[in-house]
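Q: Please take a close look at one part of this model, and explain slowly how its strands and aromatic rings fit together.

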Amino acid sequence: ARRAGAPLPCARAALECTVACNERGVFSTYLDCTEWAGTKDALTLRRADTWDLRTGAPISAGECFPRGVSVRRACLQAARAQCAGRGGAAGRCAGHLPARLRRHLNLRSFYLTPEGFCFFYQPYAISLSGTLCPTFTIPFSEGKNGPFWPLSAT
């Protein structure tokens with residue numbers, strides 16, 4: 001760039017915080033950090049936190065499901081069903097989707113909305129797009145398998 005007298009490519013970043021839920025003693029938020037490194041393509045990484053405002057303690061994914069229910073299994077079933085219904089994982093699917101869903105599921109990557117339990121994957125984990133964080137929602141249920149509103153916040 002210096003030899004050609006052209007401007008140096010600049011990296012840019014954007015940070016977007018979304019409050020997904022702030023009711024009934026639960027505060028749940030996620031943060032998307034998008035970076036552009038001198039190209040038109042961006043990479044977005046997501047981080048989420050869910051807190052019980054009454055105790056000041058973080059809420060784990062397991063607190064949203066009944067004891068004895070495999071949170072991992074429930075999330076994988078929901079992701080497989082929703083991927084099939086979308087014709088792919090929120091965009092173009094990477095190959096070997098069932099194995100990728102299992103390998104890249106992180107039970108800390110969740111947040112709550114008034115409608116349900118939302119969990120997500122980082123870009124490129126299951127999708128060929130770097131700008132999307134494929135997100136799946138399991139609606140709250142009064143059934144025996146949940147998910148339900150966290151007990152510590154009711």
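A: In this predicted model, a good place to begin is with two aromatic residues, Tyr111 and Phe120, both of which are buried. The rings of Phe119 and Tyr121 have centres 6.4 Å apart and planes at an angle of 65°, and because that angle is over 60 degrees the pair counts as edge-to-face. Phe119 and Tyr121 are, like the two residues named at the start, buried.

In general, a pair of aromatic rings is described by two quantities, the distance of the centres and the angle of the planes. The structure holds 9 aromatic pairs, and one of them is formed by Tyr111 and Phe120, whose centres are 6.2 Å apart and whose planes make an angle of 35°, which makes the pair tilted. Ring pairs also link several residues into a cluster, and its members are Phe65, Phe110, Phe117, Phe119, Tyr121 and Phe136.

To see where some of these rings sit, it helps to turn to the strands. An open sheet is formed by 3 strands, which follow one another in the order E5-E6-E7 with antiparallel pairing. Strand E5, residues 110-112, and strand E7, residues 135-139, stand at the edges with a single partner strand each, so each of them has one side that is left without a neighbour in the sheet. From one strand to the next, the twist averages 25°.

The two pairings within this sheet can be followed one at a time. E5 and E6 run antiparallel and are joined by 3 bridges, and the two strands form a hairpin in which 3 residues lie between them. Within this pairing, Leu112 stands opposite Phe117 in E6, and Phe117 is also one of the residues in the aromatic cluster. On the other side, strand E6, which covers residues 116-120, pairs with E7 in the antiparallel sense over 5 bridges. Here Phe120, the ring partner of Tyr111, stands opposite Thr135 in E7. As for the surroundings of E6, 5 of its 5 residues are buried, so this strand is largely enclosed by the rest of the structure.

For context, the model has a further sheet. It is an open one made of 4 strands in the order E1-E2-E3-E4, and its pairing is antiparallel. Strand E1 (11-23) and strand E4 (57-58) are the edge strands, each pairing on one side only. Between them in the order, strand E2 (residues 26-37) and strand E3 (residues 42-52) run antiparallel and are joined by 11 bridges, with Thr34 standing opposite Thr44 in E3.

Aromatic rings also meet charged side chains in this model. Arg12 lies over the face of Trp36, 4.5 Å from the ring centre, while the charged end of Arg24 sits over the ring of Trp149, at 4.1 Å from its centre.

Finally, the cysteines deserve a careful word. A disulfide is a covalent bond between the sulfur atoms of two cysteines. The count of disulfides here comes to 0. For Cys64, the closest cysteine sulfur belongs to Cys75 and is 9.7 Å away, which is too far for a bond, since a disulfide needs the sulfur atoms within 2.5 Å. Cys64 has a relative accessibility of 0% and therefore counts as buried, and Cys75, at 1%, counts as buried as well.

Definitions and conventions. Residues are numbered from 1 along each chain as its sequence is written. This is a predicted model: local features need pLDDT of at least 70, side-chain atom pairs count only at pLDDT 80 or more; totals for chains, interfaces and linings use all residues. Side-chain values use heavy atoms; hydrogens and water are left out. Two strands pair if DSSP finds at least two bridges between them. Axes are lines fitted to C-alpha atoms, for helices over the stretch in contact, and angles run from 0 to 180 degrees between N-to-C directions. Rings of Phe, Tyr and Trp (its six-membered ring) pair if their centres lie within 6.5 Å; planes under 30 degrees apart count as stacked, over 60 as edge-to-face and the rest as tilted. Buried means under 20% relative accessible area, exposed over 50%, partly exposed in between (1.4 Å probe, protein chains only). A charge sits over a ring if NZ of Lys or CZ of Arg is within 6 Å of the ring centre and within 35 degrees of the ring normal.
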